[in-house]
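Me: I should like to learn how to read the local features of a protein model. Could we work through them one at a time?

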Amino acid sequence: MSAPGTVLEMPPLAPRTGSGAFIRGLARAALRLGGWRMVGAWPDVERAMVIAAPHSSMWDAWWGILAKIAMGVHVEFLAKKEAFFWPLGSILRAVGGFEVDRKSPAGVVEQLIAKVKPGTRHWLVIAPEGT
């Protein structure tokens with residue numbers, strides 16, 4: 001078990017991943033080694049949109065991915081299309097990444113709406129201050 005405060009406990013309605021305890025433990029260890037700990041609480045809701053700010057570098061995304069793995073929560077996130085090159089693109093999609101072509105963003109809202117089906121649990125993170 002991780003040290004108190006390393007990660008947040010997830011509420012019952014949070015969307016969960018199927019990741020195992022070993023993978024979650026590795027992510028928790030990486031967060032501890034990086035000096036990170038989480039404070040606060042998540043709302044007990046089926047659908048949520050989280051705005052992550054300030055987003056100042058690509059490292060914000062990696063720490064965020066480690067945090068979501070450590071908590072065992074399924075959170076999708078938007079990222080620029082340029083980040084989805086091979087082989088990184090496969091990894092980003094596997095951990096919930098959703099690519100956005102910033103030069104042609106038409107249809108992104110519609111695509112996100114189509115992902116959120118009634119009766120499903122869906123959390124989305126957006127970092128609007130990215131490059």
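**Reading a buried histidine**

Reply: H122 is buried, because its relative accessible area is 10%, where buried means under 20% relative accessible area, exposed over 50% and partly exposed in between (1.4 Å probe, protein chains only). The model is predicted: local features need pLDDT of at least 70 and side-chain atom pairs count only at pLDDT 80 or more, while totals for chains, interfaces and linings use all residues. Residues are numbered from 1 along each chain as its sequence is written, and side-chain values use heavy atoms, with hydrogens and water left out.

Me: In which element is H122 placed, and which side chain joins that of H122 in a polar contact?

Reply: Helices (H or I, at least four residues) and strands (E, at least two) are DSSP runs, numbered from the N terminus. H122 belongs to strand β4, residues 122-126. A polar contact is a pair of N or O atoms within 3.5 Å; within protein, one must be able to donate a hydrogen and the other to accept it, and residues adjacent in sequence count only if both atoms are side-chain atoms. Here the side chain of H122 is joined to that of E76 by a polar contact of 2.5 Å.

Me: Which residues is H122 in contact with, leaving aside its neighbours within four places in sequence?

Reply: Contact means heavy atoms within 4.5 Å. By that criterion H122 is in contact with P15, E46, R47, A48, E76, K115 and V116.

Me: How should a nonpolar core be read, and which residues of the largest one touch the most other members?

Reply: In soluble globular proteins, nonpolar side chains tend to be buried together. A nonpolar core is a set of buried Ala, Val, Leu, Ile, Met, Phe, Trp, Tyr and Cys residues joined through side-chain atoms within 4.5 Å. The largest one has 13 residues, of which V7, M10, L31, M38, M71, V73 and W123 touch the most other members. Two or more residues of this core come from each of α1 (21-33) and α2 (58-71). The most come from α2, which gives 3 residues. Another core, of 8 residues, lies apart from it and includes I65, A83, F84 and V95.

Me: Where is M38 found, and is M38 buried or exposed?

Reply: M38 is found in the loop between α1 and β1. Its relative accessible area is 16%, so M38 is buried. From M38 to R93 the C-alpha distance is 24 Å, with their positions 55 residues apart in sequence.

Me: Which residues make a nonpolar patch on the surface?

Reply: Patches are made of residues with over 30% relative accessible area and no salt bridge; like charges are joined within 9 Å, and nonpolar side chains (Val, Leu, Ile, Met, Phe, Trp, Tyr) within 5 Å. Accessible areas come from the Shrake-Rupley method with a 1.4 Å probe, and for residues only the protein chains shown count as cover. F22, I23 and L26 make a nonpolar surface patch of about 330 Å². F22 is placed in helix α1 and is exposed, with a relative accessible area of 64%.

Me: Which peptide bonds are cis?

Reply: Most peptide bonds are trans. The bond from A53 to P54 is cis, with omega near -5°, and the bond from W86 to P87 is cis, with omega near 0°. A53 lies in the loop between β1 (47-51) and α2, as does P54, whereas P87 lies in the loop between β2 (75-80) and α3 (88-94). A53 counts as exposed, at 52% relative accessibility. The C-alpha atoms of A53 and P128 are separated by 7.3 Å, although these residues are 75 apart along the chain.

Me: How many salt bridges does the count come to?

Reply: Side chains of opposite charge can pair when their charged atoms come close. A salt bridge is a side-chain nitrogen of Lys or Arg within 4 Å of a carboxyl oxygen of Asp or Glu, and the count comes to 3. K81 and D101 meet in one of them (3.9 Å, N to O). This pair links distant parts of the chain, 20 residues apart: K81 is in the loop between β2 and α3, and D101 in the loop between β3 (97-100) and α4 (108-115).

Me: Which parts does the pair of R102 and E82 tie together?

Reply: The side chains of R102 and E82 meet in a salt bridge (3.5 Å, N to O). R102 lies in the loop between β3 and α4 and E82 in the loop between β2 and α3, so the pair ties together parts 20 residues apart in sequence. R93 and E99 also meet in a salt bridge (2.6 Å, N to O); R93 is partly exposed at 43% relative accessibility, and E99 is partly exposed at 31%.
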